[in-house]
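Reader: I'm new to this one and would like a close look at a single part. Could you take me to a nonpolar patch on the surface and then show me how the rest fits around that?

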Amino acid sequence: MQYQAGRLEAPDRLLHSSVDSLRSWLLGKPLEYDLNMDVVRPFKWFWVASIWSGIAVFDATQTVVSMRAEGMHHAWLELFATTLLAWLPWALATPLLVRLGRRYPPSYLRLSFWLTHLAAFIGINLISAAWNTWLEKWLNPYQLHPPPGPFTSILFDRFYNGILSALILYASILAISYVLDSRERLALQQTEAARLNEQLSKAQLDALRRQIEPHFLFNTLNAVAGLVRENKNEEAVTMIAALSDFLRRTLEESSRQQVPLGEELEFLQKYLDIQKVRFADRLQLTMNIPLDLATAQVPFLILQPVVENAIKHGIAKRVQGGTIRIAAFRSNGMLKLNVYNDGPGLPENWEEARSGIGITNMRTRLQSLYGDSFELSLRNQDPGGVELSVSLPFREK
């Protein structure tokens with residue numbers, strides 16, 4: 001079966017940022033920080049809480065189980081709670097470390113980088129040591145008799161003994177943050193590249209349309225004027241109505257990069273209806289399009305400029321007119337589109353002349369849509385005529 005055709009000062013800005021951060025946290029809407037760097041991912045409170053909770057539960061469980069296995073006698077519930085809560089300062093400090101890491105990345109190797117991270121490391125380690133000392137004195141999980149000694153003595157003991165482990169934790173948090181930010185930044189760059197590529201494709205489509213429409217519009221209006229002079233008013237009205245419908249369809253479809261082949265053929269038919277009024281019996285058209293290919297996706301406005309070029313160079317200059325044959329078929333996962341006209345052949349230097357439909361423009365557009373997965377050829381046929389062939393990946397929406 002065939003298919004027939006405002007500006008803030010520094011203190012105010014800091015206060016504004018703090019208020020926004022607090023509001024975002026209270027509302028459960030993570031804030032995406034802007035630290036004079038590339039846009040980075042929003043802070044994930046849920047994942048931070050989940051990861052630290054998992055670490056804390058694992059550490060507390062293995063501590064209690066291993067000590068009981070060795071026959072020790074402690075207040076197990078208090079020991080579990082003490083070990084579990086010991087990780088709280090690091091969990092709460094993670095957002096600060098991530099933010100400092102973004103503001104002072106490894107590439108920012110200045111004195112302020114070292115002083116900032118050194119101060120943050122000492123502060124967090126000191127707070128963690130104080131918190132653990134308070135838990136130990138309050139809960140006394142090891143059941144010491146007498147209870148633990150002076151707070152200050154235990155505090156500095158835990159501070160010095162925990163420097164190495166705190167340094168590893170600090171560096172690990174920064175490293176993980178840098179890795180995740182790098183992945184997010186790469187994803188954003190890829191998204192931006194895809195968006196720019198889409199804009200390029202649309203720009204190329206618009207450029208092709210602007211190249212086609214004026215020439216077509218002028219010829220059509222001249223044809224309408226000729227019909228009016230010959231008092232063929234009915235034909236003139238028909239051509240004006242067809243032109244109006246054609247231009248309307250062009251504007252409606254301008255935002256779409258690809259359309260089903262069936263729609264592309266309907267659009268082409270609007271164009272051919274105008275040309276049939278202009279050329280009458282001098283234009284013969286044959287379509288060989290299987291109905292099962294009507295849903296195949298093709299670039300919008302891929303056939304009309306080719307057919308217009310065939311009419312311009314193959315038929316318009318010949319008194320007897322000529323024939324245009326449009327065919328489509330599917331082969332090995334590819335959709336083949338062929339447009340043939342029986343007019344004069346291409347000159348030997350046609351590629352250097354860069355005339356006609358703008359083969360380079362069309363090739364660039366197809367490249368932006370399909371990469372290297374397409375073929376485009378324009379060649380003379382025996383015993384005469386010219387055929388343009390396009391091979392695209394067969395896709396259905």
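Author: Sure, let's start with the patch itself. Phe46, Trp47, Ile51 and Ile55 together make a nonpolar surface patch of about 460 Å². Keep in mind that this is a predicted model. Take Phe46 as your way in: you'll find Phe46 in helix α2, which covers residues 45-69. Phe46 counts as exposed because its relative accessible area is 60%, and the cut-off for exposed is over 50%.

Now step back to the whole chain for a moment. The protein chain exposes about 23,200 Å², and carbon and sulfur atoms supply 60% of that. Of its 397 residues, 40% count as buried. As for the fold, there are 12 helices and 8 strands.

So much for the outside; here's what sits inside. The largest nonpolar core has 51 residues, and the ones touching the most other members are Leu261, Leu268, Val307, Ile324, Leu337 and Leu366. Helix α9, residues 261-279, gives the most to this core, with 8 residues. There's also a second, separate core of 18 residues, with Trp52, Ala56, Trp87 and Leu100 among them.

If you want one residue to click on in the largest core, try Leu366. Setting aside neighbours within four places in sequence, Leu366 is in contact with Pro299, Ile302, Gly371, Phe374, Leu376, Val390 and Leu392. Then flip back to Phe46 for the contrast: Phe46 is exposed, and Phe46 helps make the nonpolar patch you asked about.

Key: Residues are numbered from 1 along each chain as its sequence is written. This is a predicted model: local features need pLDDT of at least 70, side-chain atom pairs count only at pLDDT 80 or more; totals for chains, interfaces and linings use all residues. Side-chain values use heavy atoms; hydrogens and water are left out. A nonpolar core is a set of buried Ala, Val, Leu, Ile, Met, Phe, Trp, Tyr and Cys residues joined through side-chain atoms within 4.5 Å. Buried means under 20% relative accessible area, exposed over 50%, partly exposed in between (1.4 Å probe, protein chains only). Helices (H or I, at least four residues) and strands (E, at least two) are DSSP runs, numbered from the N terminus. Contact means heavy atoms within 4.5 Å. Patches are made of residues with over 30% relative accessible area and no salt bridge: like charges are joined within 9 Å, nonpolar side chains (Val, Leu, Ile, Met, Phe, Trp, Tyr) within 5 Å. Accessible areas come from the Shrake-Rupley method with a 1.4 Å probe; for residues, only the protein chains shown count as cover. A salt bridge is a side-chain nitrogen of Lys or Arg within 4 Å of a carboxyl oxygen of Asp or Glu.
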